[in-house]
Each structure stands twice: as C-alpha cells, then as structure tokens.
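Q: Could you take a close look at one helix in this model and how it packs, then at a second helix pair for contrast? Please spell out the cut-offs as you go.

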Amino acid sequence: MSGDIRRQIAALGASFHARRLTHGRTGNISARLDDGFLVTPTGKSLGDLDSDELSLVALDGRHLDGPRPSKEAFLHAAVYRARPGARAVVHLHSTHAVAVSCHADIDPADALPLLTAYYAMRVGRLPVLPYHAPGDTALEPVAEAAAACDHAFLLANHGSIAAAPDLATAADIAEEIEETARLWLLLHSQPTRPLTPIQAAALQPGGGR
Ligand SMILES: [Zn+2]
C-alpha cells in the first residue's frame, strides 16, 4: 500500500509541475501512513520525484526515515494532528493563489467569494493565515488551529494548503483554489454576482466529487 501511495505522490508532483502549478523546487505533497506521513524531500522539484526517495516524518515532526524532508513538513504535521480524517495534504505556490494571498483587498477570514458550485463544494471557506518567513515554526500552532476548523487555507504572501481523505481529492481542492483565485482576479474591479446564500446552502461545502 505504501508503494502505491509513493507512486501516487510522484505522479501528482509530475502532473503539477507539467501544468505549471509549481515552479522551481516549491510546493510539497504528503500522505498519512500508520506510523506518520510520507512527504516530499527538501531541495527537490515536484517534477522530478523518485517514489523510493520520499521522507517519512512522525506527527510530532521527527524525521524517521528517507531523505531530509521539506522544511515545510511541520505544516503537514500540524494539519494531520488537527484533522484525524485527513490522509493527504497538498501545498502549492501556484501563481493565482499566491496573488490572492498578497492582495490588500481580501478578507483574512475568507479570501474568495463562492463564485462557482465546485468551489463552494470543494473549498467553501478559505481563511488566510498571517505571513511567516519560510520555515518559521511559529506558524505551526497557527496552522494547527486553522486546520482544526478548515480543510483549506492560504498562507499570506506564500501559497495554499489543502487537506483531504486522499491525494486525488487534496489535489482537486488545491486546483479549485488556484482556478477560483484566477477567476476572482479576472473579475476583480468588475461587477460580480457570487452564489446566493440559498444556492450555496444547497451544496455540500468541502465535499470532493
Ligand atoms: Zn511553501
């Protein structure tokens, strides 16, 4: 089973990289196992992952096996501790999600309106966590508290985090955030009509189809 998950992580990284949802060596992907979680290693492009070269990390952040983990592995650990049902986490520095995370006009309690039904179902609410320098573990308790309430959020001036019961759904959520951020930026300064509360209430927030 771990072999399948390893191959899924490598395939997902290659797919994100080919579609320019990551650049350089940014972004990381993880999946929960019985004894911790597998996460992409530090200094490695998601486009060039080796399924046999992933890091195993405990939920308390200890490096257990494999290459040195991403220095953002503590964010994944925080999400897994806060969300027992989460078995996969995707963190991307995708362009439009980062653009929204830098925007002065967003509500930090919920960055994007419910523009489409799929966004409402897969994401629902998208808080923005305050800026921290890369690798600053002061973000860990902040992320853990946010993940206890929401399965997806933005990190200010940084990127998106999406948690789900499986890798494919976590990827769907991260991609939905990126596409809705792009839509919102396209519509910015244009009159916009989001879903009404009644339309939104008829959907299942956070559900992945
Ligand atoms: Zn990052």
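**Helix 5 and its surroundings**

A: In helix 5 (residues 139-149), the buried residues are Leu 139, Glu 140, Ala 143, Ala 146 and Ala 147. Buried here means under 20% relative accessible area, exposed means over 50%, and partly exposed is in between, using a 1.4 Å probe and protein chains only. Helices (H or I, at least four residues) and strands (E, at least two) are DSSP runs numbered from the N terminus. Those buried residues sit on the same side of helix 5 because they cover an arc of only 130 degrees around the axis, the arc being that of the directions from the helix axis to the C-beta atoms. Flip to the other side of helix 5 and you find Pro 141, Ala 148 and Cys 149 exposed.

A quick word on provenance: this is a predicted model, with local features needing pLDDT of at least 70 and side-chain atom pairs counting only at pLDDT 80 or more, while totals for chains, interfaces and linings use all residues. Residues are numbered from 1 along each chain as its sequence is written, and side-chain values use heavy atoms, leaving out hydrogens and water.

So what covers the buried residues of helix 5? The cover includes helix 2 (73-82), strand 6 (128-129) and strand 7 (152-155), where contact means heavy atoms within 4.5 Å.

Helix 2 and helix 5 pack at about 35 degrees, their axes 8 Å apart. Axes are lines fitted to C-alpha atoms, for helices over the stretch in contact, and angles run from 0 to 180 degrees between N-to-C directions. This crossing is right-handed: the near helix is turned clockwise from the far one by less than a right angle, whereas anticlockwise would be left-handed. From helix 2, Phe 74, Leu 75, Ala 78, Val 79, Arg 81 and Ala 82 meet Leu 139, Glu 140, Ala 143, Glu 144, Ala 147 and Ala 148 of helix 5. By class, that contact has 9 nonpolar, no polar and 3 charged residues. Ala, Val, Leu, Ile, Met, Phe, Trp, Tyr, Cys and Pro count as nonpolar, Asp, Glu, Lys and Arg as charged, and the others, Gly among them, as polar.

Now the second pair. The axes of helix 3 (residues 95-102) and helix 6 (residues 167-187) come within 7 Å and cross at roughly 60 degrees, which makes helix 3 oblique to helix 6. Under 35 degrees counts as roughly parallel, over 145 as roughly antiparallel, 65 to 115 as roughly perpendicular and the rest as oblique. The crossing of helix 3 and helix 6 is left-handed.
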